[in-house]
Amino acid sequence: METCRALAAVLVIGLTAIPPQRRPERCPRLDALPGRDLPGGLRIAEAADRAARMRGLARLDAMPQRLALHIPRCRSVHTFTMRFPLDLIWLSRDGEPVRIDRAVPPRRMKACLRARSVVEANAGTADRFVAALGG
């Protein structure tokens with residue numbers, strides 16, 4: 001019993017050693033995907049396979065501000081199963097932004113025929129991701 005209390009104390013101390021504002025926000029679904037790290041601590045996860053594309057951000061309660069999801073070969077998206085608004089950054093074949101749809105609420109459909117892929121980010125974060133992408 002004493003060993004369990006000691007172990008619990010060590011775990012609590014380990015968790016509180018890093019102030020909450022400095023702990024990186026986690027999202028197991030997106031952290032498990034391949035992706036690329038960008039300046040400023042931002043990361044874009046890549047929904048490269050069919051399963052990741054189908055799952056997307058559906059039914060997530062929230063997404064860390066530092067994360068976004070890139071969906072290649074995509075000209076339209078829906079937000080029917082979303083629980084928070086998104087900024088949609090539509091990219092050309094060269095990866096240049098062609099349009100940004102800001103604060104798209106749940107239960108909407110959006111399309112951009114000029115785009116070849118889309119980055120889904122939290123509402124209000126599109127400018128940070130565009131700047132980090134160099135666009």
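Two strands are taken to pair if DSSP finds at least two bridges between them. On this basis, R43 stands opposite L67 in β3. The model described here is a predicted one, and the account below starts from its sheet, moves to the helix that crosses the sheet, and ends with individual residues.

The sheet is open and is formed by 6 strands, which follow one another in the order β1-β2-β3-β8-β5-β6. The pairing within this sheet is mixed. In general, the strands of a sheet pair through backbone hydrogen bonds, and they do so either parallel or antiparallel. At the edges are β1, residues 35–38, and β6, residues 97–104, each of which pairs on one side only. On average, and with direction ignored, neighbouring strands of the sheet are turned by 20 degrees against each other.

Strand β2 covers residues 42–46 and runs antiparallel to β1, to which it is joined by 4 bridges. Within this pairing, D37 has R43 of β2 as its bridge partner. The hairpin of β1 and β2 has 3 residues between the strands, and in this hairpin G40 takes a positive phi near 80 degrees. With β3, in contrast, β2 pairs in the parallel sense, over 4 bridges. R43 thus appears in both pairings: as the bridge partner of D37 and opposite L67 of β3. Strand β2 is mostly covered, since 4 of its 5 residues are buried.

Helix α4, residues 126–133, lies across β1, β2, β3 (67–72), β5 (86–91), β6 and β8 (117–122). Its direction is at about 85 degrees to β2. The buried residues of α4 include A126, F129, V130 and A132. These residues cover an arc of only 165 degrees around the axis, and therefore they lie on the same side of α4. Among the elements that cover the buried residues of the helix are β1, β2, β3, β5, β6 and β8.

Both ends of α4 offer further detail. Before the helix, T125 is placed in the loop between β8 and α4. T125 has a relative accessible area of 2% and is therefore buried, the cut-off for buried being under 20%. A polar atom of the T125 side chain lies 2.6 Å from the backbone oxygen of N122. When neighbours within four places in sequence are left aside, T125 is in contact with Q65 and D87. Just after the helix, G134 takes a positive phi of about 90 degrees. The C-alpha atom of G134 is separated by 8.5 Å from that of E96, although the two residues are 38 residues apart along the chain. E96 is found in the loop between β5 and β6 and is partly exposed, with a relative accessible area of 44%.

Most residues other than glycine have a negative phi. Against this background, R59 and A103 can be described. In R59, phi is positive, near 65 degrees. R59 is placed in the loop between α3 (50–55) and β3, and at 55% relative accessibility R59 counts as exposed. In A103, phi is also positive, with a value near 50 degrees. A103 is found in strand β6, which is one of the edge strands of the sheet. The relative accessible area of A103 is 45%, so A103 is partly exposed.

Cysteine pairing was also examined. A disulfide is counted for a pair of cysteine sulfur atoms within 2.5 Å, and by this rule the count comes to 0 disulfides. C74 is buried, with a relative accessible area of 7%. C112 likewise counts as buried, at 4% relative accessibility.

Conventions:
Residues numbered from 1 in each chain as written. Predicted model: local features only at pLDDT ≥ 70, side-chain atom pairs only at ≥ 80, totals over all residues. Heavy atoms only, no water. Helix = DSSP H or I, 4+ residues; strand = E, 2+ residues; numbered from the N terminus. Axes fitted to C-alpha atoms, helices over the stretch in contact; angles between N-to-C directions. Contact = heavy atoms within 4.5 Å. Buried < 20%, exposed > 50% of the residue type's maximum accessible area, 1.4 Å probe, protein only. Arc of directions from axis to C-beta. Polar contact = N/O pair within 3.5 Å; in protein donor to acceptor, adjacent residues only side chain to side chain.
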